[in-house]
Amino acid sequence: MKAATARWQDWASFTLGLWLALSPWIVGYTEHESATGNAVFLGLALALGCHFEAACDLDASEWLNLAAGLWLVIAPFVVGFSSVHVATANSIAVGSLVAVLAASALSLDKEIARLWSRHGWHKGIPGH
């Protein structure tokens, strides 16, 4: 079960998802279909997923948020809208924030912390 303190990450990611879905119209890159489609689809999926995650306390969805965040970071280069600077910056910024929020929420999971310690993956990280 996820710690209650992780809920703020869910709502922050929800807000970022809404921003992402609306951003093509707010910052003006709707003429670029690939950038708009990526933002709207991922933004709505992220917002809906985070809403249900916060309401239902689903741990596994943090992994999906992490994957979505990483996708948003590389999407401009894979999908081909890296020349649209506003859309690229938006996708990378939102993706980075979503990935960090998901990693933060995952770090609160006691089972992941045990796995981390059992395999010695924490060695070399200051403070561990």
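**Close-up 1. His51 and its partners Trp11 and Phe14 in the predicted model.** Setting aside residues up to four places away in sequence, His51 touches just the pair named in the title, Trp11 and Phe14. Everything here comes from a predicted model. His51 sits in helix H2. With a relative accessibility of 32%, His51 falls between the cut-offs of 20% and 50%, so it counts as partly exposed. Look at the backbone too: the C-alpha atoms of His51 and Phe14 are 6.3 Å apart, although 37 residues separate the two in sequence.

**Close-up 2. The nonpolar core and the helices that feed it.** Here's the largest nonpolar core, a set of 17 residues. Leu20, Tyr29, Phe81, Ala87 and Val94 are the ones with the most contacts inside this core. Who supplies it? Helices H1 (7–28), H2 (33–56), H3 (61–80) and H4 each put in at least two residues. H2 gives the most, with 5 residues. As a general backdrop, nonpolar side chains in soluble globular proteins tend to be buried together.

**Close-up 3. Leu20 and the residues around it.** Zoom in on Leu20, one of the core residues with the most contacts. Neighbours within four places in sequence aside, Leu20 is in contact with Ala39, Leu42, Gly43, Leu72, Asn90 and Val94. Of these partners, Val94 is also on the list of core residues with the most contacts.

**Close-up 4. Asn90, a buried residue of helix H4.** Asn90 is found in H4. Is it buried or exposed? At 10% relative accessibility, Asn90 is under the 20% cut-off and therefore counts as buried. Its contacts, leaving out neighbours within four places in sequence, are Trp19, Leu20, Ser23 and Tyr29. Val27 is worth picking out as well: its C-alpha atom is 9.4 Å from that of Asn90, with their positions 63 residues apart in sequence.

**Close-up 5. Helix H4 from end to end.** H4 runs over residues 85–107, which makes 23 residues. At 1.5 Å a residue the helix should span 33 Å, and because its end C-alpha atoms are 33 Å apart, expectation and model agree. The buried residues of H4 include Ala87, Asn90, Ser91, Val94, Gly95, Val98, Ala102 and Leu106. Many such lists make sense on a helix: an α-helix has 3.6 residues a turn, so residues three or four places apart point the same way.

**Close-up 6. Ala93, a partly exposed position on H4.** Ala93 also has its place in helix H4. Its relative accessibility is 39%, between 20% and 50%, so Ala93 counts as partly exposed. Gly69 is 24 residues away along the chain, and the C-alpha atoms of Ala93 and Gly69 are separated by 9.3 Å.

**Close-up 7. A nonpolar patch on the surface.** Trp19, Leu22, Ile26, Val27 and Val86 form this patch, with about 430 Å² of accessible area together. H1 gives the most to the patch, with 4 residues. Ile26 lies in H1. With a relative accessible area of 53%, Ile26 is over the 50% cut-off and so counts as exposed.

**Close-up 8. Stepping back to the whole chain.** The chain has 5 helices and 0 strands, and reads α-α-α-α-α along the sequence. Of its 128 residues, 39% are buried. Among contacts with a separation of 6 or more, 61% join residues 24 or more positions apart. The chain exposes about 7,300 Å², and carbon and sulfur atoms supply 71% of that area.

Key: Residues are numbered from 1 along each chain as its sequence is written. This is a predicted model: local features need pLDDT of at least 70, side-chain atom pairs count only at pLDDT 80 or more; totals for chains, interfaces and linings use all residues. Side-chain values use heavy atoms; hydrogens and water are left out. The expected span of a helix is 1.5 Å times one less than its number of residues. Buried means under 20% relative accessible area, exposed over 50%, partly exposed in between (1.4 Å probe, protein chains only). A nonpolar core is a set of buried Ala, Val, Leu, Ile, Met, Phe, Trp, Tyr and Cys residues joined through side-chain atoms within 4.5 Å. Contact means heavy atoms within 4.5 Å. Patches are made of residues with over 30% relative accessible area and no salt bridge: like charges are joined within 9 Å, nonpolar side chains (Val, Leu, Ile, Met, Phe, Trp, Tyr) within 5 Å. Accessible areas come from the Shrake-Rupley method with a 1.4 Å probe; for residues, only the protein chains shown count as cover. A salt bridge is a side-chain nitrogen of Lys or Arg within 4 Å of a carboxyl oxygen of Asp or Glu.
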